[in-house]
Amino acid sequence: MASWAVEARNLRKAYTVREGGLLRGRRRRVEALRGVSFRVGWGEVYGLLGPNGAGKTTTVRIIATLLEPDDGDALVAGYSSVREPLRVRERIGVMLSVERGFFWKLTARENLKYFGLLYGLEGRELEERVEELLELTGLESLGAAERRFEDMSLGMRARLGLARALLRDPKVLILDEPTLGLDPPSARMVRSLLRRLASEGRGVLLTTHNMFEAEMVCDRVGIIAGGRIVAEGTPGQLKSRVAGRVPVVVRVRATRAEAEELARRLGGAVSSLGDGGGPASVRVLADPEEAERVVQRALSEALRLGLRVAEARVEEPTLEDVFIAIAGRGGSA
């Protein structure tokens with residue numbers, strides 16, 4: 001067996017985009033990846049943590065053989081994604097979207113049987129594998145095994161997507177934002193299952209911008225920003241990067257522009273925009289002895305901006321604070 005489940009080696013990828021309209025637009029070169037390197041061990045859940053546009057999806061698509069890099073390579077179980085894509089595809093399970101690729105008029109069981117046949121499973125082996133996965137992902141107990149895909153909730157679709165990724169019992173799992181938009185029970189199930197699969201010796205690579213998820217699920221985390229890995233380590237190791245500082249969290253009723261202006265004045269970052277009508281959150285890292293003073297300043301600045309403060313408190317450091325300190329952006333990016 002190869003030493004590493006996944007090994008990204010100096011991956012580089014650039015795109016040309018057009019700006020300013022069809023007739024008067026100009027082309028601009030965008031570097032999505034600028035030398036991304038990391039390793040995922042067997043029996044490990046490794047998280048690529050970063051905001052939208054940081055390069056997470058481009059990275060996993062290259063590793064999954066769906067995109068070719070401009071330079072560099074990625075090895076999966078010792079095989080090159082660039083030179084040996086078929087070997088790689090035989091060894092991976094991929095979930096890059098909750099909803100893509102399924103037949104909407106087929107049930108969960110029928111979809112799994114169809115993809116199982118495409119993967120070379122048949123007869124009793126196929127039947128047993130489908131039943132095992134329906135049970136493993138909770139689709140059977142939810143009564144969703146015979147439900148058409150078009151009638152499934154987003155959580156059920158995510159469970160089915162994970163079941164499809166596991167059809168061939170892969171040694172390496174690659175998942176892009178696997179819990180995005182899921183209800184709490186479904187997200188909890190996915191996270192628990194990923195931990196279980198890693199404990200069986202598989203390598204699991206996932207992307208996320210959910211700080212809580214990274215702390216709960218990942219053995220190691222690589223923070224990616226601007227197409228580069230800017231920090232890497234266990235959640236505990238990364239949190240030690242902000243040792244000696246504590247986060248002050250201010251929750252205000254504000255628009256994006258207002259929250260960003262408050263964050264600018266305080267030297268912090270917007271960590272959430274209050275989706276669903278709730279307050280926006282601004283986080284500021286402060287020296288412990290200055291924390292109460294920062295709270296008072298935050299209240300004063302919010303008052304000057306005409307914002308209503310729902311809460312202001314001091315918390316324990318999290319990966320979100322590491323990200324703010326290193327990458328300069330919050331989880332809402």
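The following legends describe close-up views of a predicted model.

**View 1. Confidence along the protein chain.** The protein chain has a mean pLDDT of 90, and 95% of its residues reach 70 or more. Among the elements of the chain, the highest mean pLDDT, 98, belongs to strand S5 (residues 79-80), whereas the lowest, 79, belongs to helix H11 (residues 319-327). Over residues 329-333 pLDDT stays under 50. For residues 329-333 the model has 19 contacts beyond four places in sequence.

**View 2. The open sheet that contains strands S1, S2, S4 and S5.** This sheet is built from 4 strands in the order S2-S1-S4-S5, and the pairing is antiparallel. Its edges are formed by strand S2 (26-40) and S5, each of which pairs on one side only. Strand S1 (residues 6-19) is joined to S2 in the antiparallel sense, over 12 bridges. Within the S1 and S2 region, glutamate 19 stands opposite arginine 26, a residue of S2. Helix H1 (residues 56-63) packs on the sheet, where it touches S1, S2 and strand S4 (71-76). The direction of H1 makes about 65 degrees with that of S2.

**View 3. The open sheet that contains strands S11 to S14.** Here 4 strands are arranged as an open sheet in the order S12-S13-S11-S14, with antiparallel pairing. Strand S12 (269-272) and strand S14 (308-314) are the edge strands, each pairing on one side only. From one strand to the next, the twist averages 30 degrees. Strand S11 (residues 246-253) and strand S13 (residues 280-286) run antiparallel and are joined by 7 bridges. Arginine 251 has serine 281 of S13 opposite to it.

**View 4. Helices H9 and H10 against the sheet.** Helix H9 (residues 256-266) lies across S11, S12 and S13, and runs at about 10 degrees to S13. Helix H10 (residues 291-304) also packs on the sheet, in contact with S11, S13 and S14. The direction of H10 makes about 170 degrees with that of S14.

**View 5. The buried and exposed sides of helix H9.** The buried residues of H9 include Ala259, Leu262, Ala263 and Leu266. These residues lie on the same side of H9 because they cover an arc of only 100 degrees around the axis. The elements that cover the buried residues of H9 include S11, S12, S13 and H10. Ala257 and Arg264, on the other side of H9, are exposed. Glycine 267 follows H9 and has a positive phi, near 75 degrees.

**View 6. The largest nonpolar core and the contacts of leucine 160.** The largest nonpolar core holds 50 residues, of which Leu160, Leu175, Val221 and Ile223 touch the most other members. Helix H6 (residues 184-199) gives the most to this core, contributing 7 residues. When residues up to four places away in sequence are not counted, leucine 160 touches Phe102, Ala108, Asn111, Leu112, Leu139, Phe149 and Met152. Another core, of 23 residues, lies apart from the largest one; among its members are Leu33, Val36, Val172 and Ile224.

Technical notes. Residues numbered from 1 in each chain as written. Predicted model: local features only at pLDDT ≥ 70, side-chain atom pairs only at ≥ 80, totals over all residues. Heavy atoms only, no water. Pairing = 2+ DSSP bridges. Helix = DSSP H or I, 4+ residues; strand = E, 2+ residues; numbered from the N terminus. Axes fitted to C-alpha atoms, helices over the stretch in contact; angles between N-to-C directions. Contact = heavy atoms within 4.5 Å. Buried < 20%, exposed > 50% of the residue type's maximum accessible area, 1.4 Å probe, protein only. Arc of directions from axis to C-beta. Core = buried A, V, L, I, M, F, W, Y, C linked by side-chain atoms within 4.5 Å. pLDDT = per-residue confidence, 0-100.
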